[in-house]
Amino acid sequence: MRKNIAAGNWKMNLDLASGKKLASEVINMVNDEVQNDAEVILIPPFTHLTVVKQLIGSSTSVHLGAQNCSDQKGGAFTGEISTEMLQSVGVEYVVVGHSERREIFGEDNALLAAKTKAVLAQGLKPIYCCGEKLETREANQHFDLNKAQIEEGLFDLSKADIQKVVIAYEPVWAIGTGVTASSDQAQEMHQFIRGLIAEKYDQETADGISILYGGSVKPDNAKELFSQPDVDGGLVGGASLKSRDFTDIIKSF
Ligand SMILES: O=C[C@H](O)COP(=O)(O)O
């Protein structure tokens, strides 16, 4: 059965000392307070991965993720980080296609499909992001847009590979804005995405995939969002930078 996941995407925030402090606090709070079986993923900047991995140690509930990777195996690609490098420092998950990568860095579905394959080829798990902008939703094209992002980014994968993917639906209009999708809006899109997977692969495969919601998840809305049948957790930005808030979100399952 699919897992409940709380993933904290720190984005380009925190120097090393602040990152160490945050990771230590979250790991301690998870150990002391969290009773449920949610998987927690800390996703710091590349520079902090090794240190955060050391702090995680052999914890079975806290895992390490990276925010991005190259689609290339290695070589003359200045400034890029390969999946092999990420695996060598203990990364298990890699975020692929966050809306900030799509929008600011122009990453398209074809590149993201290649990155997803690179992550899987290295034995790591992609957290593949999709989500529409406000104008797309207002034009009532949000289902088509998410369908294209899912189909073009993921549907070249084998059944064995798609089963290793985590999907994150993040409506762009809800990211960092304080405006959260309602639990009905989240459930509606998550159910739609799961339906696409069932159609392409099969129902059992679709039922096994964790689909996270992202966009202004906070301690006071997490429970309602996570209680939706097709919402299996959150990809949390701002609130993951505060240990108390992130831990309270983890406790919301
Ligand atoms: O990756 C996380 C998402 O972009 C959500 O960010 P947020 O929780 O700050 O809205």
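Is Lys-11 buried, exposed or partly exposed? Lys-11 counts as partly exposed, because 18 C-beta neighbours lie inside 10 Å of it. I begin with this residue as an example of how a single position may be described. Please keep in mind throughout that the structure before us is a predicted model.

Let me first place Lys-11 in the chain. It sits in the loop between strand E1, residues 5–9, and helix H1, residues 16–33. Its backbone deserves attention as well: Lys-11 is not a glycine, although its phi is positive, at about 55°. Leu-14 is found in that loop between E1 and H1 too. Leu-14 is also a residue other than glycine with a positive phi, in this case near 80°. With 18 other C-beta atoms within 10 Å, Leu-14 is partly exposed.

I turn now to the protein as a whole. Its secondary structure comes to 12 helices and eight strands. The radius of gyration is 17 Å, and the globule rule gives 18 Å for 253 residues; the two values are close, so the protein is as compact as a globular protein of that length. Taken along the principal axes, the C-alpha atoms fill a box of roughly 45 × 45 × 35 Å. Of the 253 residues, 45% are buried. Consider next the contacts between residues at least 6 apart in sequence: 71% of these join residues at least 24 apart.

What lies in the interior? The largest nonpolar core has 68 residues. Those with the most contacts inside this core are Ala-7, Leu-42, Val-94, Ile-127 and Ile-167. Let us take Ile-167 as a case. Not counting residues up to four places away in sequence, Ile-167 touches Tyr-128, Cys-130, Ile-193, Ile-209 and Ile-211.

The next topic is the active site. Which residues does UniProt list under "active site"? The entry, which is unreviewed, names His-98 and Glu-170. These residues span 73 residues in sequence, yet their C-alpha atoms are no more than 8.3 Å apart, so they gather at one spot. His-98 lies in the loop between strand E4, residues 93–96, and helix H4, residues 99–104. His-98 is buried, because 27 other C-beta atoms lie within 10 Å of it. Glu-170 is found in the loop between strand E6, residues 166–169, and helix H9, residues 183–200. Glu-170 also counts as buried, with 26 C-beta neighbours inside 10 Å. If we set aside neighbours within four places in sequence, the contacts of Glu-170 are Ser-99, Cys-129, Gly-131, Ile-175, Gly-214, Gly-215 and Leu-235.

We now come to the binding site. From the unreviewed UniProt entry, the positions listed as "binding site" are Asn-9, Trp-10, Lys-11, Gly-176, Ser-216, Gly-237 and Gly-238. Our opening residue, Lys-11, is therefore one of them, and although the listed residues span 230 residues in sequence, no two of their C-alpha atoms are more than 13.9 Å apart, so they gather at one spot.

Two further members of this list may be described. Asn-9 has its place in strand E1. With 26 C-beta neighbours inside 10 Å, Asn-9 counts as buried. Beyond four places in sequence, Asn-9 is in contact with Ile-43, Gln-67, Val-95, Leu-235, Val-236, Gly-237 and Ser-240. Trp-10 is found in the loop between E1 and H1. Trp-10 is buried, with 23 other C-beta atoms within 10 Å. Leaving aside neighbours within four places in sequence, Trp-10 is in contact with Ile-43, Pro-44, Pro-45, Ser-240 and Leu-241.

How many residues surround the ligand? There are 14, and the closest are Asn-9, Ile-175, Gly-214, Gly-237 and Gly-238. By class, this shell has five nonpolar, eight polar and one charged residues.

I close with an exposed position. Gln-54 lies in helix H2, residues 49–56. Why does Gln-54 count as exposed? Gln-54 has 12 C-beta neighbours inside 10 Å, and a residue is exposed if 12 or fewer such atoms lie within that distance. Gln-54 and Lys-20 are 34 residues apart along the chain, and their C-alpha atoms are separated by 9.9 Å.

Terms used. Residues are numbered from 1 along each chain as its sequence is written. This is a predicted model: local features need pLDDT of at least 70, side-chain atom pairs count only at pLDDT 80 or more; totals for chains, interfaces and linings use all residues. UniProt positions are given in the numbering used here, feature names are shortened, and annotations may be inferred rather than shown by experiment. Helices (H or I, at least four residues) and strands (E, at least two) are DSSP runs, numbered from the N terminus. A residue is buried if 20 or more other C-beta atoms lie within 10 Å of its own, exposed if 12 or fewer, and partly exposed in between; C-beta atoms are placed from the backbone. Two residues are in contact if their C-beta atoms, placed from the backbone, lie within 7 Å. A residue is near a molecule or strand if its C-beta atom, placed from the backbone, lies within 6 Å of it. Ala, Val, Leu, Ile, Met, Phe, Trp, Tyr, Cys and Pro count as nonpolar, Asp, Glu, Lys and Arg as charged, and the others, Gly among them, as polar. A nonpolar core is a set of buried Ala, Val, Leu, Ile, Met, Phe, Trp, Tyr and Cys residues joined through C-beta atoms within 7 Å. The radius of gyration is taken over C-alpha atoms; the globule rule is 2.2 Å times the number of residues to the power 0.38.
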